[in-house]
Amino acid sequence: MADYAKDVLVDTQWVEDHLDDESIRIVEVDENPALYAEAHIPGAIGFDWKKDLQDQVKRDFLGPEDFGALFGSRGISNDHTVVLYGDRNNWFAAYTYWYLKYYGHDNVKLMNGPREKWIDEGRRTTSDVPNYNSTTFNAGPGDKAIRALRDEVFAALDASTALVDVRSPQEFSGELIAMAGYEQEGAQRAGHIPGASSVPWAQAVQEDGTFKSADELRELYTSKGVLNGNDIIAYCRIGERSAHTWFVLHELLGHDDVKNYDGSWTEWGNMVGVPVEKDV
């Protein structure tokens, strides 16, 4: 597919051809979890990103034991190939992809195009929730090579690391603290991490939500100074849009030294004593 570095995408026809493949588990993760109940790909397991995939007490994701228990309880084992898709051009599908990679599950693919593409193509959907037998899923200890924590981001301010802010231009400039409609979920301060390049995540996809070609993506991130031969850290507001950009840089373009800062702006913009830049 379009000369990508890794074989990590499957198209909608491939997914349809593998609906009855027992070695595969299709998983839908939406920004709007109510969509899954309305209609989803037959056999797809639905995860609520906020209730299922996040710690319910502290702002962090699940530890390895809880993550493994969640996936095992839904019928996903380490032997399954997980195929992910969702709404919003696969924001949370890409986030869940990154999350699975973090815990050492390499048998994972992203559908090239969101749930809207599947529906627009007139493919079969259902509201039936699958009932797979529970199984065992063992999560690894966590791959620090693809996750950045705040101290690492702070250290990057004085290093050659390329920081890429994938939020909207209005969030980057400081005009908005959060996306329109998410005002209650903003940080104390607006702006961006000093030195970060602004490359909104959606510039990586075409109108139908499929990814641009490798050449187009390389040109985009090179022109914005992100692909300069140094380590890269991507961030957004809560880590899901930046996981989408991490997927593009790390998986599609094959750059090893790319990390997702999932603390993102809700952490950085609320901390005391860290620098913030504004363009307004």
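**Entry 1: Lys-101**

I began with Lys-101, which sits in helix H4. This is a predicted model, so I am reading computed values throughout my notes. Is Lys-101 buried or exposed? Its relative accessible area is 17%, and the cut-off for buried is under 20%, so Lys-101 counts as buried. I then looked up what it touches, leaving out residues up to four places away in sequence. The list is Asp-106, Val-108, Asp-143, Ile-146, Trp-246 and Glu-251.

**Entry 2: the helix around it**

Next I checked the length of helix H4, which covers residues 91-102. At 1.5 Å a residue, its 12 residues should span 16 Å. I found its end C-alpha atoms 17 Å apart, which agrees.

How many residues of H4 are buried? I counted 12 of its 12, so I noted the helix as mostly covered, with buried meaning under 20% relative accessible area. Among them are Trp-91, Phe-92, Tyr-95, Trp-98 and Leu-100.

What do these buried residues pack against? I listed three strands that come before H9 in my list: S2 (24-30), S4 (81-85) and S5 (108-111). Strand S9 (258-260) is a partner too. The helices that H4 packs against are H3 (64-73) and H9 (240-252).

I also looked just past the end of H4. Gly-104 follows the helix, and its phi is positive, near 85 degrees.

**Entry 3: the loop before H4**

I stepped back to the loop between S4 and H4, where I found Arg-88. Its phi is near 50 degrees, which is positive even though Arg-88 is a residue other than glycine. Arg-88 is partly exposed, with a relative accessible area of 36%. Asn-89 lies in the loop between S4 and H4 as well. Asn-89 is not a glycine either, yet it has a positive phi of about 55 degrees.

**Entry 4: helix H3**

H3 was on my list of H4 partners, so I looked at it from the other side. Which residues of H3 are buried? They are Phe-67, Gly-68, Leu-70, Phe-71 and Gly-72. Their cover includes strand S3 (45-48) and H4. Just after H3, I noted Gly-75 with a positive phi of about 90 degrees.

**Entry 5: Arg-241 in helix H9**

H9 was another partner of H4, and I picked Arg-241 from that helix. At 1% relative accessibility, Arg-241 counts as buried. I set aside its neighbours within four places in sequence and looked up its contacts. One of them is Trp-91, which is also one of the buried residues in H4. The others for Arg-241 are Val-166, Arg-167, Ser-168, Glu-171, Met-179, Trp-201 and Cys-236.

**Entry 6: Tyr-235**

Then I moved to Tyr-235, in strand S8 (residues 232-235). At 0% relative accessibility, Tyr-235 counts as buried. Its contacts, not counting residues up to four places away, include Val-164, Asp-165, Val-166 and Arg-167. His-192, Ile-193, Ser-242 and Trp-265 are also among the residues Tyr-235 touches. I looked at one more of its contacts, Ala-196. Tyr-235 and Ala-196 are 39 residues apart in sequence, and 9.5 Å apart from C-alpha to C-alpha.

**Entry 7: Ala-204**

Where is Ala-204? I found it in the loop between strand S7 (197-198) and helix H8 (214-223). At 0% relative accessibility, Ala-204 counts as buried. Beyond its neighbours within four places, Ala-204 is in contact with Phe-211, Lys-212, Leu-217, Leu-220, Tyr-221 and Val-248. I also checked Ala-204 against Asp-30, 174 residues away along the chain, and the C-alpha atoms are separated by 19 Å.

**Entry 8: the whole chain**

Finally, I zoomed out. The protein chain has 10 helices and nine strands. A compact globule of 280 residues would have a radius of gyration near 19 Å, and this chain has 18 Å, which agrees. Its C-alpha atoms fill a box of roughly 50 × 40 × 35 Å along the principal axes. Buried residues make up 55% of the chain.

I also looked at contacts between residues at least 6 apart in sequence, and 77% of these join residues at least 24 apart. The accessible surface comes to about 12300 Å², with 44% belonging to carbon and sulfur atoms. My last lookup was charge: I noted 26 positive and 48 negative side chains, and the centres of the two sets lie 4 Å apart.

Notes: Residues numbered from 1 in each chain as written. Predicted model: local features only at pLDDT ≥ 70, side-chain atom pairs only at ≥ 80, totals over all residues. Heavy atoms only, no water. Helix = DSSP H or I, 4+ residues; strand = E, 2+ residues; numbered from the N terminus. Expected span 1.5 Å × (residues − 1). Buried < 20%, exposed > 50% of the residue type's maximum accessible area, 1.4 Å probe, protein only. Contact = heavy atoms within 4.5 Å. Rg over C-alpha atoms; globule rule 2.2 N^0.38 Å. Areas by Shrake-Rupley, 256 points an atom, 1.4 Å probe, with all protein chains shown as cover. Lys, Arg positive; Asp, Glu negative; His and termini not counted. Charge placed at Lys NZ, Arg CZ, Asp CG, Glu CD.
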